[in-house]
Amino acid sequence: MEKILIIEDEESILMPLEDDLKLEGYAVSSARDGNEGFSMAKESRHDLIILDLMLPGMNGFDVCRKLRECGITTPILILSAKSQVVDKVLGLELGADDYVTKPFSPRELQARIKAILRRIKQIQQGIDGIRFGKVEVDFIKYETKREGKPVYLTSLEYALLHYLVRHKDQVASRDSILNEVWGEDVYVFPRTVDTHIAHLRKKIEDNPAEPKHVLNIRGAGYKFVE
């Protein structure tokens, strides 16, 4: 049974969300402030963390950042009333895997959760790892090193890279990437792919402005080359 941790202080959101997830067959635990949530996420294994941003004790941005600094690779889905683009970008840069704004559709949230968990399973059943340039990636252990130093990738970035590597030297359109990495039942804008590609390049390319491995094929999509 997959385990989900919800870090949310609003009872009107937390209680029905807990009930919905339990009905879907997940084991659910919850925390009502950032400090408690950080401790629970650090001390126990979870398959997914649903994280609010405006929390008492420690805000969600700090929870996300500190978990990643501790080496916790559990996927994080931010659920927040903060709808500004700058907040979404910051959340993703700090290591979140997805960002859903309040008010949200329970059906859409369920689809996002299933997409994240599905990506993890796909990675575990695919290519074990790859070396290219100065980078070593272990898809099974979720470990990446660049010039021998650890680099943190989100589960979404692992899934994105995994998909491109599986189709190396082939052009993958934005639509095919969206369908395979995010899932056909999750609606996101095609440019979302570009945003995550940019984040990925910053971590694995020597010069993200002139990438050598994750290439943009103008008008067609992206291609991975070793």
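How many residues of domain 1 are in contact with residues of domain 2, and how many of domain 2 are in contact in return? The count is 17 residues on the domain 1 side and 16 on the domain 2 side. Keep in mind while browsing these views that this is a predicted model.

**View 1. The whole chain, with its two domains.** Let's start with the overall picture. Domain 1 covers 3-120 and domain 2 covers 127-224. Their centres, taken over C-alpha atoms, sit 23 Å apart. Along the chain you can pick out eight helices and 11 strands. Put a box around the C-alpha atoms, along the principal axes, and it comes to roughly 50 × 35 × 35 Å. The radius of gyration is 17 Å, which agrees with the value near 17 Å that a compact globule of 226 residues would have.

**View 2. Where domain 1 and domain 2 meet.** Now zoom in on the interface. About 1,400 Å² is buried between domain 1 and domain 2, and carbon and sulfur atoms give 53% of that area. Three residues to look for here are T73, D97 and R119: together they supply 35% of the area that domain 1 buries against domain 2, more than any other three residues. As for polar contacts across this interface, the rule finds five residue pairs, with both residues at pLDDT 80 or more. Salt bridges across the interface come to zero by the rule.

**View 3. The domain 1 side of the interface.** Stay with the face of domain 1 that touches domain 2. Helix 4 (85-93) and helix 5 (106-124) each bring at least two residues to this side. Helix 5 gives the largest share, with eight residues. Sorted by type, the residues on this side of domain 1 are eight nonpolar, two polar and seven charged.

**View 4. A salt bridge between K134 and E147.** Side chains of opposite charge can pair when their charged atoms come close. There are 18 salt bridges in the structure, and this view picks out one of them: K134 with E147, at 3.7 Å from N to O. K134 is in the loop between strand 6 (129-132) and strand 7 (135-138), while E147 is in the loop between strand 8 (143-146) and strand 9 (149-151), so this pair ties together parts that are 13 residues apart in sequence.

**View 5. The backbone at E147.** Here's E147 again, this time for its backbone. What is the phi of E147, positive or negative? Phi is positive, about 55°, although E147 is not a glycine. To find the spot, follow the loop between strand 8 and strand 9.

**View 6. A cis peptide bond at P103.** One last backbone close-up. K102 and P103 are joined by a cis peptide bond, with omega at about -5°. Look for P103 in the loop between strand 5 (98-101) and helix 5.

Conventions: Residues are numbered from 1 along each chain as its sequence is written. This is a predicted model: local features need pLDDT of at least 70, side-chain atom pairs count only at pLDDT 80 or more; totals for chains, interfaces and linings use all residues. Side-chain values use heavy atoms; hydrogens and water are left out. Domain bounds come from an automatic or database domain assignment. Contact means heavy atoms within 4.5 Å. Buried area is the accessible area (1.4 Å probe) that two parts lose on being put together, summed over both. A salt bridge is a side-chain nitrogen of Lys or Arg within 4 Å of a carboxyl oxygen of Asp or Glu. A polar contact is a pair of N or O atoms within 3.5 Å; within protein, one must be able to donate a hydrogen and the other to accept it, and residues adjacent in sequence count only if both atoms are side-chain atoms. Helices (H or I, at least four residues) and strands (E, at least two) are DSSP runs, numbered from the N terminus. Ala, Val, Leu, Ile, Met, Phe, Trp, Tyr, Cys and Pro count as nonpolar, Asp, Glu, Lys and Arg as charged, and the others, Gly among them, as polar. The radius of gyration is taken over C-alpha atoms; the globule rule is 2.2 Å times the number of residues to the power 0.38.
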